[in-house]
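Trainee: Could you take me closely through one part of this model, the open sheet, and say what lies against it and around it?

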Amino acid sequence: METQLFDFNQLNQLHVSEKEKVKWVDDALRMQSHIELPAKISLKPSSEVFYNFMPVVIPDLNVAGVKVINRIPGRHPTLTSHIMIYDLNDGHLKAIMDGDYITTARTGSVAAHSIQLLARSHYKSVGFIGLGNQARATVKSLLSIHDDPLKIVLLKYKDQASDFKRYLQSLMGISLAAVQIVTTPEEVFRQSDVVVSSVTYAAKDILTDTSVMEPGTLLLPIHTRGFMNLDAVVDRIYCDSVAQIRNFKYFDKFRGLAQINDVLTGHAPGRQNDQERLTVYNIGTALHDLFFAARFYELANKQGKASFDWQEPQEKVWYR
């Protein structure tokens with residue numbers, strides 16, 4: 001049996017609904033107590049270069065695998081990743097897949113799933129700080145599973161807010177109440193029931209006045225940057241893996257802490273009322289990377305789209 005290869009464009013051409021991807025997130029989380037998920041291994045040959053290795057074994061899918069992420073300054077794109085899938089029984093290398101597309105797809109679906117699970121009832125507005133691929137994937141996934149029209153609030157940064165608004169308008173079959181562009185993070189919080197941040201760098205706290213986070217607000221810092229001063233203020237914190245956030249500055253001051261999978265299985269409480277202020281740290285685990293990769297592999301073979309070609313992206317590719 002040959003090893004199949006799937007690059008970014010080939011994965012992007014597989015037809016999977018956003019609702020189905022959110023279901024994949026839920027299915028994977030319900031398997032979390034039955035998997036082997038060692039801690040991420042990070043190697044840094046120099047201050048600007050790193051290689052991260054994220055292994056996992058998922059018995060329910062009969063797969064094992066690893067995601068490898070590397071950062072090489074001067075390369076385009078600078079950051080890239082690959083996923084290898086093995087048959088758990090015989091060790092056959094089933095596929096090598098582009099990890100950038102899968103990372104973006106699963107991150108957006110995970111964020112949408114957390115919003116669906118933990119946002120206040122009848123939430124009507126979602127704000128975005130940082131408007132790159134992760135934000136695009138999140139809003140596309142969220143709009144596909146939310147029945148009522150949503151107000152989307154965007155923090156202005158260069159031309160990104162205008163480009164993001166055009167992206168929203170290009171999505172088919174969605175219902176928007178409004179799209180509002182604001183100029184400060186404080187205004188994003190004031191206008192939003194849910195705030196999603198995907199900024200990749202923040203030298204200091206983005207909010208100096210923590211009271212801006214009003215009762216009932218749900219915060220999802222996708223890259224964890226910029227909001228840790230809120231960790232000692234919010235009523236409860238949720239995460240995909242407690243082991244990945246133990247070194248957070250205010251970990252010992254958390255008022256409440258639970259993993260998302262434990263909420264789904266009834267082993268931990270979810271939102272208790274519409275006044276609670278909650279933060280969700282989905283750091284990202286190989287569980288979702290390999291689960292999505294395995295599902296894409298099955299789908300490609302079912303659709304007769306097995307591939308043995310490969311083209312590395314030569315520049316940043318936008319999620320569609």
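Mentor: What follows goes from the sheet to the helices across it, then to one loop residue and the cores.

This is a predicted model, in which local features need pLDDT of at least 70 and side-chain atom pairs count only at pLDDT 80 or more, while totals for chains, interfaces and linings use all residues. Residues are numbered from 1 along each chain as its sequence is written, and side-chain values use heavy atoms, with hydrogens and water left out.

The open sheet is formed by eight strands in the order β9-β8-β7-β10-β11-β14-β12-β13, with parallel pairing; strands here are DSSP runs of E of at least two residues, helices are runs of H or I of at least four, both numbered from the N terminus, and two strands pair if DSSP finds at least two bridges between them. Strands of a sheet pair through backbone hydrogen bonds, either parallel or antiparallel. At the edges stand β9 (176-182) and β13 (257-259), each with a single partner strand, so one side of each is left without a neighbour in the sheet. On average, neighbouring strands of this sheet are turned by 20° against each other, direction ignored. One of the pairs joins β12 (residues 236-239) to β14 (residues 278-281) over four bridges in the parallel sense, and Y238 stands opposite V280 in β14.

Two helices lie across these strands. Helix α3 (residues 99-118) lies across β10 (194-197), β11 (218-221), β12 and β14, and runs at about 165° to β11; such angles run from 0 to 180 degrees between N-to-C directions, with axes fitted to C-alpha atoms, for helices over the stretch in contact (heavy atoms within 4.5 Å). Helix α4 (residues 133-145) lies across β7 (125-129), β8 (150-155), β9 and β10, at about 170° to β7.

In the loop between α7 (260-264) and β14 lies E276, which counts as buried because its relative accessibility is 8% (buried means under 20% relative accessible area, exposed over 50%, partly exposed in between, with a 1.4 Å probe and protein chains only). Leaving aside neighbours within four places in sequence, E276 is in contact with G216, T217, D235, R236, G270 and R271.

As for the cores, the largest nonpolar core (buried Ala, Val, Leu, Ile, Met, Phe, Trp, Tyr and Cys residues joined through side-chain atoms within 4.5 Å) has 73 residues, and M97 and F296 have the most contacts inside it. Helix α8 (residues 286-302) gives the most to this core, with eleven residues. Apart from it lies another core, of 24 residues, including L207, L230, V242 and F251.
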